[in-house]
Amino acid sequence: MTSFRAIRIEKSSENYSTDYVDMTDGDLMAGDVEVDVLFSAINYKDGLAITGKGPVVRRFPMIPGVDLAGRVTRSERAEFAPGDIVVATGCGVGEAHYGGFAQRARLSGDWLVKLPDALSPARAMTVGTAGLTAIFCVLALEAHGLSPAAGLAVVSGASGGVGSFAVALLAKAGWRVAAITGSAREADYLRAIGAAEILAREDFSAPGKALQTQRFAAGIDTVGGVTLANILSQTQFDGAVAACGNVGGMDLPASVAPFILRGVALLGVESVRPRLALRRDAWARIATDLDPEMIDAMCEVIPFDQALERSRAIVTGKIRGRVVIEMP
Ligand code: NDP
């Protein structure tokens with residue numbers, strides 16, 4: 001039986017603990033495709049799962065890691081064969097089903113997408129759930145009828161994983177992008193990936209008027225809370241904001257004024273459910289829209305033995321872009 005290294009979260013009535021452990025294939029959960037995990041990546045959600053700061057994990061024990069790229073070693077599904085490179089993002093992986101922070105995984109083929117040839121597994125993990133979420137946000141704004149001619153697009157949490165991809169994808173689509181960041185030192189990085197303006201996080205952190213000067217035609221918000229309320233208040237007539245995150249809070253202390261007096265739309269975006277056709281389209285668009293060098297500019301690759309420490313750091317906002325884990 002193949003043995004492998006994994007990060008495992010355990011919970012008892014007194015204790016919530018996470019550590020590296022040795023496991024075997026016999027410990028894996030049910031599934032019809034087995035993979036050797038090549039790369040994973042650290043998402044904010046993984047930080048919440050590992051620290052126990054958010055109710056992410058839905059069964060214990062759990063191997064975290066909502067993203068993985070791997071090579072198929074066994075498949076009961078006609079669409080996958082040994083040797084294929086596949087990716088899984090979301091779909092309950094790392095929450096209800098053992099995830100990517102392990103050298104081996106057994107998954108449902110329903111959650112897997114074959115990687116487009118243009119993307120390497122490491123670049124696919126740089127994209128991961130963060131990049132997919134960003135592209136789902138861009139698609140939601142486009143489906144609402146918005147295009148760069150409408151004006152300025154704003155992105156909050158801009159130097160984070162979702163934020164970085166949102167900035168790059170909007171800029172690539174022709175938008176002039178304003179990046180809201182709490183990290184002044186990341187201004188050069190944000191300009192390099194496509195931001196035209198840098199806005200200070202503190203200017204959006206205090207409660208403001210229900211209707212403020214109209215600045216933005218479109219927005220992608222990863223922060224929630226007062227920041228999202230202020231973005232909505234500064235969104236122009238018929239503009240829209242795609243909301244996907246909550247690093248600044250789960251609440252939304254907002255007024256209905258932007259909705260009923262300016263026709264502003266709030267578009268909810270989630271990337272967890274399978275919806276395979278949408279995922280395949282999103283991967284294809286990422287492969288064509290983003291240059292490999294742009295993806296690499298957002299990525300730091302770390303060895304698996306640093307994954308635990310860096311996952312704890314993401315919940316304190318101490319990560320720029322995407323941290324990709326290379327499996328031994
Ligand atoms: P990151 O930690 O990589 O990025 C978050 C960024 O937000 C930070 O880099 C920082 O950017 C900013 N930030 C951090 N703390 C605060 C704060 N207290 N107030 C305001 N800004 C803050 O996380 P991800 O990009 O992986 O995820 C971002 C959010 O999106 C999370 O809430 C996550 O759960 C959510 N998400 C939702 C998904 C969905 O399906 N809806 C899928 C994926 C993620 P800066 O320093 O530039 O301000």
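Start by selecting Ser 159 together with the ligand: a polar side-chain atom of this serine sits 2.7 Å from one of the ligand's oxygen atoms. Keep in mind as you click around that this is a predicted model.

Next, add Asn 246. Here too a polar side-chain atom lies 2.7 Å from a ligand oxygen. Then pick Gly 182 and show its main chain, since the atom to look for is a backbone N or O, 2.8 Å from an oxygen atom of the ligand.

Now turn on a surface for the protein. How much of the ligand's accessible area does the protein cover? On its own the ligand has 930 Å², and the protein covers 87% of that. Colour the helices α2 (121-143) and α3 (161-172) while you're here; these are the elements that give two or more residues to the shell around the ligand.

Select the whole shell, meaning every residue with a heavy atom within 4 Å of the ligand. You should get 24 residues, and the ones that come nearest are Ser 159, Thr 181, Ser 183, Asn 246 and Ser 271. Colour the shell by class and you'll find 13 polar residues, nine nonpolar and two charged. Then switch to colouring by domain: domain 1 (3-115 + 298-326) and domain 2 (129-268) each supply at least three residues to the shell.

Time to leave the ligand and go to a cartoon view. Look for the open sheet of six strands, running β10-β9-β8-β11-β12-β13 with parallel pairing. Which strands stand at the edges? They are β10 (197-200) and β13 (265-268); each has a single partner strand, so one side of each has no neighbour in the sheet. Tilt the view to follow the twist, which averages 20° from one strand to the next.

Zoom in on one edge of that sheet. Strand β12 (residues 235-243) runs parallel to β13, and four bridges join the two. For a landmark, select Ala 240 and look across to Ala 265 of β13, which stands opposite.

Two loops make good last stops. In the one between α1 (44-51) and β4 (67-75), select Pro 61. The peptide bond joining Phe 60 to Pro 61 is cis, with omega about -5°.

Finally, jump to the loop between β5 (85-89) and β6 (104-107) and pick Cys 91. What is phi of Cys 91 near? The angle is near 60°, a positive value in a residue other than glycine.

Technical notes. Residues numbered from 1 in each chain as written. Predicted model: local features only at pLDDT ≥ 70, side-chain atom pairs only at ≥ 80, totals over all residues. Heavy atoms only, no water. Polar contact = N/O pair within 3.5 Å; in protein donor to acceptor, adjacent residues only side chain to side chain. Areas by Shrake-Rupley, 256 points an atom, 1.4 Å probe, with all protein chains shown as cover. Nonpolar A, V, L, I, M, F, W, Y, C, P; charged D, E, K, R; others polar. Domains from an automatic or database assignment. Pairing = 2+ DSSP bridges. Axes fitted to C-alpha atoms, helices over the stretch in contact; angles between N-to-C directions.
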